[in-house]
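Subject: Two-chain model, handed over with notes

Dear colleague,

I am passing on the structure below, together with an account of what I found when going through it. Please read the notes with the coordinates open beside them.

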Amino acid sequence: MNTRPECPLVRERLPALLENDLPPGETLLVRAHVEGCEGCAAEQEGLAGLVREIVATRDESGFEAARVALGRALDSNGQDARPRVLSILTRRHRLVAAAAALVAIAGALFLAPPAPTLDELRLASRELSVPLDSLRPAFRLSDLGAASLAPGDAR
Amino acid sequence: MVHSDRTLAIDARAGGREAFDALVTRHGPGLLAFLRRMVGRADDAQDLFQDVFLRAFKGISRLEDPDRVRPWLVTIAANVARRHFERRGRQPHEHSLEGEQLDAPDDSAVNALDDLETTERREGLQRAIERLPPRQKAVLSLRLDLELPFQEIAGAIGISEENARAHHYQALRSLRRMLEPASTAPRTGDAT
């Protein structure tokens, strides 16, 4: 088939012409050439036929089977497959509960009245005239030791 | 009542399984067709289909713009297909089409041979498509199988719109050369 020198340039633009994607000036030139060139007209028809064939061979067969299998996979994955939003909420709930527990423990430790010091207990012992030993359960463990009883402590 | 992609995406993002299933029904066939083009084998395509939608289900809570659920799904599918090729290390069904020709039909069995020609032509087309570079193949399928605009195709696979058009046109030219090797190739310099 005889061709003109511009045929390769025209055929390079035929796919874009099919998509109406050429600038207006080029569109006119390419169309005018195709109308007068048997080879390029055949190539244009061949391209259009190729596109039709590609569209006609679109293969979505097996979609129903794939959809059913996907449904089973989502159902069986259950906990792992649930959208992350649920895991995020559960984790937040756990974090909130842990924070609340820490606040409660901190409150119990720091808001409760502190145990009396040994000096305070000695003073109380003298003022109440009761042996220091009787006040022993009120001692904090850190205050006890071999020298915990001073010479003046009541016994 | 037909819900928009946006409505379904918002519902699915909040954990709505029925909404997610509706998105699968709406976009699944096109994405399966795309995966089929990309990998060639129906069983591989179905495996990748599962992968795509399991990833989508796990990740939909992170979808920022519910209006873009379709491009988002296409991006997942394109990435899944790309990883499939990377794992396999090569294109599937690579073989040469050089010299493949159909015999001239016998008048006594024209209908049967027409059917055979159609089947062989379709198989030849699929083999030719499989030989395309992955990016050209992806753009071609997204354009012709899913009818996506070039702007959306470009966003889904991470290239410019101009490149998406270029890949599509080059894919069509390559397929023409592969399927019609000698009949229409212009010979420059011939007298008019």
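In which hand, left-handed or right-handed, does α1(B) pass α2(B) in their crossing? The crossing is left-handed, and I come back to the details of this pair below, after a word on the two chains. Please keep in mind throughout that this is a predicted model.

The chains

Chain A contains 6 helices and 0 strands, so that its elements, read from the N terminus on, follow the order α-α-α-α-α-α. Of its 155 residues, 29% count as buried, and 48% of the contacts in chain A with a separation of 6 or more are accounted for by residues 24 or more positions apart. The area that chain A exposes is about 9,900 Å², of which carbon and sulfur atoms supply 61%.

Chain B has 8 helices and 0 strands, with the pattern α-α-α-α-α-α-α-α along the sequence. Here buried residues make up 45% of the 192 residues, and residues 24 or more positions apart account for 65% of the contacts with a separation of 6 or more. Chain B exposes about 9,900 Å², with carbon and sulfur atoms supplying 46% of that area.

Helix packing in chain B

Two packed helices are described by the angle between their axes and the distance between the axes, and I give both values for each of three pairs.

For the pair named at the start, helix α1 (residues 5–13) of chain B packs with α2(B) at an angle of about 140 degrees, and the axes are 8 Å apart. That angle makes α1(B) oblique to α2(B), since a pair counts as roughly antiparallel when the angle is over 145 degrees. On the α1(B) side the contact is made by Asp5(B), Leu8(B), Ala9(B), Asp11(B) and Ala12(B), while α2(B) contributes Ala19(B), Phe20(B), Ala22(B), Leu23(B), Arg26(B) and His27(B). By class, the contact of α1(B) with α2(B) comprises 7 nonpolar, 1 polar and 3 charged residues.

Helix α2 (residues 17–39) of chain B also packs with α4(B), at an angle of about 30 degrees and with the axes 10 Å apart. The two helices are therefore roughly parallel, angles under 35 degrees being counted in that way. The crossing of α2(B) and α4(B) is right-handed. Its contact residues include Leu23(B), His27(B), Leu31(B) and Phe34(B) from α2(B), and Leu73(B), Ala77(B), Ala81(B) and His84(B) from α4(B). By class, the residues of the contact of α2(B) with α4(B) divide into 13 nonpolar, 2 polar and 1 charged.

Helix α4 (residues 69–88) of chain B packs in turn with helix α3 (residues 42–59) of chain B, at an angle of about 130 degrees and with the axes 9 Å apart. The helices α3(B) and α4(B) are therefore oblique to each other, and α3(B) passes α4(B) in a right-handed crossing. Among the residues in contact are Asp44(B), Leu48(B), Asp51(B), Val52(B) and Arg55(B) in α3(B), which meet residues of α4(B) including Trp72(B), Ile76(B), Val80(B), Arg83(B) and Arg87(B). By class, the contact of α3(B) with α4(B) has 10 nonpolar, 2 polar and 6 charged residues.

An enclosed helix

Helix α6 (residues 134–144) of chain B has 8 of its 11 residues buried, so this helix is largely enclosed by the rest of the structure. The buried residues of α6(B) are Gln136(B), Lys137(B), Ala138(B), Val139(B), Leu140(B), Ser141(B), Leu142(B) and Leu144(B), and you may wish to look at Lys137(B), a buried residue of this helix, in your viewer.

Two residues with positive phi

Finally, there is one residue in each chain to point out for its backbone. Asn20(A), a residue other than glycine, has a positive phi near 55 degrees; Asn20(A) lies in the loop between α1 (7–18) and α2 (24–36) of chain A and is exposed, with a relative accessible area of 59%. In chain B, the phi of Glu147(B) is likewise positive and near 55 degrees, again in a residue other than glycine. Glu147(B) is placed in the loop between α6 and α7 (150–157) of chain B, where Glu147(B) is exposed, with a relative accessible area of 63%.

With best wishes

How values were computed: Residues are numbered from 1 along each chain as its sequence is written. Chains are lettered from A and ligands numbered from 1 in the order in which they are written. This is a predicted model: local features need pLDDT of at least 70, side-chain atom pairs count only at pLDDT 80 or more; totals for chains, interfaces and linings use all residues. Side-chain values use heavy atoms; hydrogens and water are left out. Axes are lines fitted to C-alpha atoms, for helices over the stretch in contact, and angles run from 0 to 180 degrees between N-to-C directions. Helices (H or I, at least four residues) and strands (E, at least two) are DSSP runs, numbered from the N terminus. Angles under 35 degrees count as roughly parallel, over 145 as roughly antiparallel, 65 to 115 as roughly perpendicular and the rest as oblique. A crossing is left-handed if the near helix is turned anticlockwise from the far one by less than a right angle, and right-handed if clockwise. Contact means heavy atoms within 4.5 Å. Ala, Val, Leu, Ile, Met, Phe, Trp, Tyr, Cys and Pro count as nonpolar, Asp, Glu, Lys and Arg as charged, and the others, Gly among them, as polar. Buried means under 20% relative accessible area, exposed over 50%, partly exposed in between (1.4 Å probe, protein chains only). Accessible areas come from the Shrake-Rupley method with a 1.4 Å probe; for residues, only the protein chains shown count as cover.
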